[in-house]
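Biologist: Please take a close look at one part of this model, the way its helices pack, and tell me what surrounds that part in the rest of the chain. I would like each cut-off stated as you go.

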Amino acid sequence: MKAATMAAFPVLLLPSPTLAAEAGHVAYATGGGAQATVGLLLVALFGLLIAEVCHKTLAAAAVVGTMLAISAATPLKIMDFTTAAQAVDWNVIFLLGSMMAIVSILIETRVFDWLNARMVRWAGGRPGVLANIVIAATALLSAFADNVTTVLFLAPVVSKAAKSLRLSVWALAMPMIMAANIGGTATLIGDPPNVIVGVASGLTFMDFIAFLAVPIVVMIVALCALSAVWYRRDLAGSHADEAAGDEVELRDPDVLAWTLGMVGLTFLGFFTHSLTHLPVGVIAFGGAVLAMLGRHAILRRRLGAKAADHAFAHCFERGIEWLTLGFFIFLFMAISAAEHTGLIASAAARLQDLVEAVSAGLGLGLQAKLVMAGLLILLFSAVASAVVDNIPYTIAAVTIVRVLVAGFSAEFEETGMAAADIGLMTDMLWWSLALGACLGGNGTLIGASANVTTVGILEKDGHHMPFVAFLTFGLPVMAMTVLIAAVYLACYVYVGPVRTNVTGAAALALLAALAAARHLARRPLRSLPATVEQPD
């Protein structure tokens, strides 16, 4: 998930009384010293990742080891091993590992090669068109499936497509990562912070689509434009491999059919987990086990028991990115220290103080005060989510937003505004939190699970992505999307929620019509030379 520190913001480390935070059988220190120590260690982790002095998993392990050593050798209790181990989100670990195993089976059937050939053919060998196809497909899938699952399936396709076009893989993979995090913001189930916000606010699945779909589509269009400019040299210098459009023959069709069936059941479980209440990690694990059992039975019948066992061992050992899973485990442990020492809660409390101070200092009217509060929540959440796990941050921030919503509701009620209109207006604060917490993940390599997962997969294929290189594209995308979100939130208050979304949807429809007309107008021009050319 995410790691680093709120210590980057010194105002958050103001001294606070030392309390005892009971976690299991160990009392965590929650004073300013404990929070500062944890913050500095997380800054150190951030520095190790930037400098790349060692593998990211080793860097995270070293920071966790240091926290444990400080707690054992000094009175400053900033980590307890049992509590830290319990803080690991095994639901995420099982989800990642299980989907990696399924993807490994699919890779051996060459289905990703087949998809690559189809995508290159649809794009007509034009890398710019292919990049837009990847962005649109990723955003759509991430809105209705976990964004990590989405990139696990699309990363191998993108890798092969880049190879077919003799193109830098990151010209397709980086926009794909950004699209996964942006697309997941559009729905209640697209990203964990949205689930937390939805439960706390009472906002429904359709509320998220109705009020976030339009700005998210605008962000995806902007991402397509930015990617085309940013990677223009890579896209211009690429050319299709002569064999790129050739038909690919699938391998082991029986195994492929069985695995795709299990993938379908797994996704059905993802879509219905709110009804079944089964964790997504359990659903993914069940799908992976069934996929491997079916594959083992098919290979055993055709090739024998020894070959089937060898295929399973290869999938389990080589198909799962164990270093990536280890990195996530150590990150969860490190972030648990920030949570139990009160570092994240202190950051959220300072946010509330900042909103009140700015609003009072500028003497803002009620609407302007609401906009200011929303924009501060948006910006603070985006920056925090780029460097800190957005799940505990969102949980802490929800309490602050709930207090702000209650205060603004009382003030709007005094103006005589109808209760339904008050609800729509104050929902703006919840949208600010959801947008900031989700979009901030694009800022850094460790800002979102999809980032780490994709980089881990592609590094296995020999494509290295330095931490700083990720920042050079991720930060501009984060800034661009947060700016779009800020404009949307301001219009939400001053223009009105419904009018803003209807106008935005109409503008997008007009843009799509113009793009279609432009495409149709160009088609005769491309065929004109062949039509008018006269034979000798």
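Modeller: What follows takes the helix pairs, then some single residues, and then the chain as a whole.

This is a predicted model, in which local features need pLDDT of at least 70 and side-chain atom pairs count only at pLDDT 80 or more, while totals for chains, interfaces and linings use all residues. Residues are numbered from 1 along each chain as its sequence is written, and side-chain values use heavy atoms, with hydrogens and water left out.

Two packed helices are described by the angle between their axes and the distance between the axes. Here the axes are lines fitted to C-alpha atoms, for helices over the stretch in contact, and the angles run from 0 to 180 degrees between N-to-C directions. Helices (H or I, at least four residues) and strands (E, at least two) are DSSP runs, numbered from the N terminus.

Helix 18 (residues 366-387) and helix 20 (residues 419-439) have axes that come within 7 Å and cross at roughly 15 degrees. Angles under 35 degrees count as roughly parallel, over 145 as roughly antiparallel, 65 to 115 as roughly perpendicular and the rest as oblique, and helix 18 and helix 20 are therefore roughly parallel to each other. Helix 18 passes helix 20 in a right-handed crossing, where a crossing is right-handed if the near helix is turned clockwise from the far one by less than a right angle, and left-handed if anticlockwise. Contact means heavy atoms within 4.5 Å, and on the helix 18 side it involves L370, V371, A373, G374, I377, L378, S381, A382 and S385, which meet M425, M428, L429, S432, L433, L435, G436 and A437 of helix 20. By class, the residues of this contact divide into 12 nonpolar, 5 polar and no charged; Ala, Val, Leu, Ile, Met, Phe, Trp, Tyr, Cys and Pro count as nonpolar, Asp, Glu, Lys and Arg as charged, and the others, Gly among them, as polar.

A second pair is helix 6 (residues 127-144) and helix 10 (residues 205-230), whose axes lie 11 Å apart at an angle of about 160 degrees. Helix 6 and helix 10 are therefore roughly antiparallel to each other, and helix 6 passes helix 10 in a right-handed crossing. Helix 6 contributes N132, I135, A139 and F144 to the contact, and helix 10 contributes F205, I220, L223, C224 and S227. This contact has 7 nonpolar, 2 polar and no charged residues.

One of the helix 10 contact residues, C224, has a relative accessible area of 17% and is therefore buried, where buried means under 20% relative accessible area, exposed over 50%, and partly exposed in between (1.4 Å probe, protein chains only). Another cysteine, C315, is buried at 1%. A disulfide is counted when a pair of cysteine sulfur atoms lies within 2.5 Å, and by this rule the count comes to 0 disulfides.

Helix 7 (residues 147-164) holds T150, which counts as buried because its relative accessibility is 3%. Leaving aside neighbours within four places in sequence, T150 is in contact with T138, L141, S142 and A145.

In helix 1 (residues 32-51), L41 is buried at 12% relative accessibility. Its contacts, apart from neighbours within four places in sequence, are V63, T66, M67, I70 and I78. V38, also found in helix 1, is buried at 0%. With neighbours within four places in sequence left aside, V38 is in contact with M67, I78, A337, A338, T341 and L343. V38 and I335 are 297 residues apart in sequence, yet their C-alpha atoms are 9.0 Å apart in space.

Two loop residues concern the backbone. Most residues other than glycine have a negative phi, and most peptide bonds are trans. R110, in the loop between helix 4 (90-108) and helix 5 (111-122), has a positive phi near 70 degrees and is partly exposed at 29% relative accessibility. D252, in the loop between helix 11 (232-237) and helix 12 (253-271), has a positive phi near 50 degrees and is partly exposed at 23%.

Taken as a whole, the chain has 23 helices and 2 strands, and 51% of its 536 residues count as buried. Among contacts between residues at least 6 apart in sequence, 79% join residues at least 24 apart.
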